[in-house]
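Q: Before we look at the model together, could you show me how to read its features one by one?

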Amino acid sequence: MRIAIVGCGYVADLYLGTLCNYPHLVVAGVMDRDQARAKTFAEYWRVGRIYATLQEVLDDPSIELVVNLTNPASHFSVSKACILADKHVYSEKPLAMSFADAKELVELAEARGLKLSGAPCGILGEAAQTVLLALERQAIGKIFLAYVEMDDGMIHRERYRTWRNPGGAYWPYKDEFECGCTLEHAGYSVTWLVWFFGRVRRLTAFSSCRIEDKQTDVPLDIVAPDFSVACLEFESGMVARLTCSIVAPHDRSLTIIGEQGELYVKEVWDYQSPVFINRVTRLRRWGSKYPILKLLAPGVAPTRLRLVKGAKFTTASGVHATMDFARGVAEIAAAITENRKSRISARFTLHINEVVLAMQSPDFARGPYSPVSYF
């Protein structure tokens, strides 16, 4: 299948670096509003064609799928233009910066019989599939609760101005800080939870900007929250607590608590992260000073579950995780070729977008919020 890349910035390298896992996907051309950046990108990745404008991409009849890797504020307009030109679309997260815009994209794609999907695609990874298999086999019995962390440490104190990908593009810190860590990163965890436990029925969220001065050399037009926390209730009856920040120390772990033990994944950004199971054997009190019962497995080492078998794959370089960014692109391409629904469907992506927006924006979700999207 011939695809076009729109947006040749920092994240585009992560896609091109993993598209080699899918030789049947051919990058026919790339486009960026910054022609110099597009040229550098195309030369580095040896892409033959550089489109001068988005319209040139849309006018190319050989392109079936457009991968939208533009900055978040441009996601809606670029994806809409592609859909109106009868192109299937895979978009970086979020699908759109507002729920109304995201919903419009989904309804437009459905009306025109086109596939629309979006990042992140970690639920297709070996670690997520292993957790799902363990849940289906009731490895820890009845599930009560999940705790998920998505904390990246104090990014503003890192040397983020010097971060460059292999192709030479700098990390777009202005876009990242203005978009906010919740819209940028919470989806990695929310997709896992929704994939495991179904649609979010209700959520209660709080967000705040704890560090207003991100020490940028250009002023930020938007002061986005750098911390959020949400309690999610799922239609399956499950409850989860999810935190997201660029303030707290690095932690991207997932813990699922069941009647007979816990499932634990240290790094949801790692498709091959070990999946551990801690089985409960008895209750032990941690000292009379702390009258809190904790579930332990005394004398029993945690069991490491064997990962769901998958083919070896090349991973993205320049990130502190083992992710196959192009796997979502390969999935929607397969759905197009096989004329089936994509596993990461437009409606699923819309639901994730709505939940993450509700987590980040107090004005969007005052008090308990009940999502309206279904999948």
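Q: Into which classes do the residues of the lining of the second largest pocket divide?

A: The idea is to sort the lining residues by the character of their side chains; in this predicted model, the lining of the second largest pocket divides into five nonpolar, three polar and five charged residues. About 300 Å³ of space lies in that pocket, and of the 13 residues that line the second largest pocket, the closest to its centre are Leu114, Lys115, Lys341, Ser345 and Ala346.

Q: Which elements give two or more residues to the lining of the second largest pocket?

A: Here one goes from single residues to the helices and strands they belong to: helix H5 (99-111) and helix H10 each give two or more residues to this lining, and H5 gives the most, with three residues.

Q: How many cavities of 30 Å³ or more does the structure hold?

A: A cavity differs from a pocket in that a probe fits inside but cannot get out. The structure holds two of 30 Å³ or more, and the largest has about 110 Å³ of space. Of the 14 residues lining the largest cavity, Lys93, Pro94, Ala119, Ile352 and Asn353 are the closest to its centre. Helix H8 (181-197) and helix H10 (346-360) are the elements that give two or more residues to this lining, and the largest share, four residues, comes from H10. By class, the lining of the largest cavity has seven nonpolar, five polar and two charged residues.

Q: Which residues line the second largest cavity?

A: The second largest cavity has about 80 Å³ of space, and the residues that line it include Tyr15, Tyr90, Glu92, Ala119, Tyr188, Met323 and Phe325. Sorting this lining by class gives nine nonpolar, one polar and one charged residues.

Q: What order do the strands have in the open sheet of eight strands?

A: A sheet is read by following its strands from one neighbour to the next, and in this open sheet the order is S8-S9-S10-S7-S11-S12-S13-S16, with mixed pairing. Strand S8 (200-208) and strand S16 (303-305) stand at the edges, and because each has a single partner strand, one side of each is left without a neighbour in the sheet. From one strand to the next, the twist averages 15 degrees.

Q: In which sense do strand S12 and strand S13 pair?

A: For any pair of strands, one looks at the sense in which they run and at the bridges between them: strand S12 (residues 261-265) and strand S13 (residues 275-279) pair in the antiparallel sense over five bridges. Within this part of the sheet, Tyr264 stands opposite Phe276 in S13.

Q: Which strands does helix H6 lie across?

A: To place a helix on a sheet, one names the strands it crosses and gives an angle to one of them. Helix H6 (residues 126-136) lies across strand S7 (143-151), strand S11 (254-258), S12, S13 and S16, and runs at about 170 degrees to S12. Helix H10, for its part, lies across S8, strand S9 (227-234) and strand S10 (239-245), running at about 40 degrees to S8.

Q: Is Thr255 buried or exposed?

A: One compares its relative accessibility with a cut-off, and buried means under 20%. Thr255, whose place is in strand S11, has 17% relative accessibility and therefore counts as buried. Leaving aside its neighbours within four places in sequence, Thr255 is in contact with Leu145, Ala146, Tyr147, Glu262, Leu263 and Tyr264.

Note on methods:
Residues numbered from 1 in each chain as written. Predicted model: local features only at pLDDT ≥ 70, side-chain atom pairs only at ≥ 80, totals over all residues. Heavy atoms only, no water. 1 Å grid on protein atoms, 1.4 Å probe; cavity = no way out; pocket = protein on both sides within 12 Å on 5 of 7 lines; lining within 4 Å. Points joined across faces, edges and corners; volume = space filled by probe spheres on them. Nonpolar A, V, L, I, M, F, W, Y, C, P; charged D, E, K, R; others polar. Pairing = 2+ DSSP bridges. Axes fitted to C-alpha atoms, helices over the stretch in contact; angles between N-to-C directions. Contact = heavy atoms within 4.5 Å. Buried < 20%, exposed > 50% of the residue type's maximum accessible area, 1.4 Å probe, protein only.
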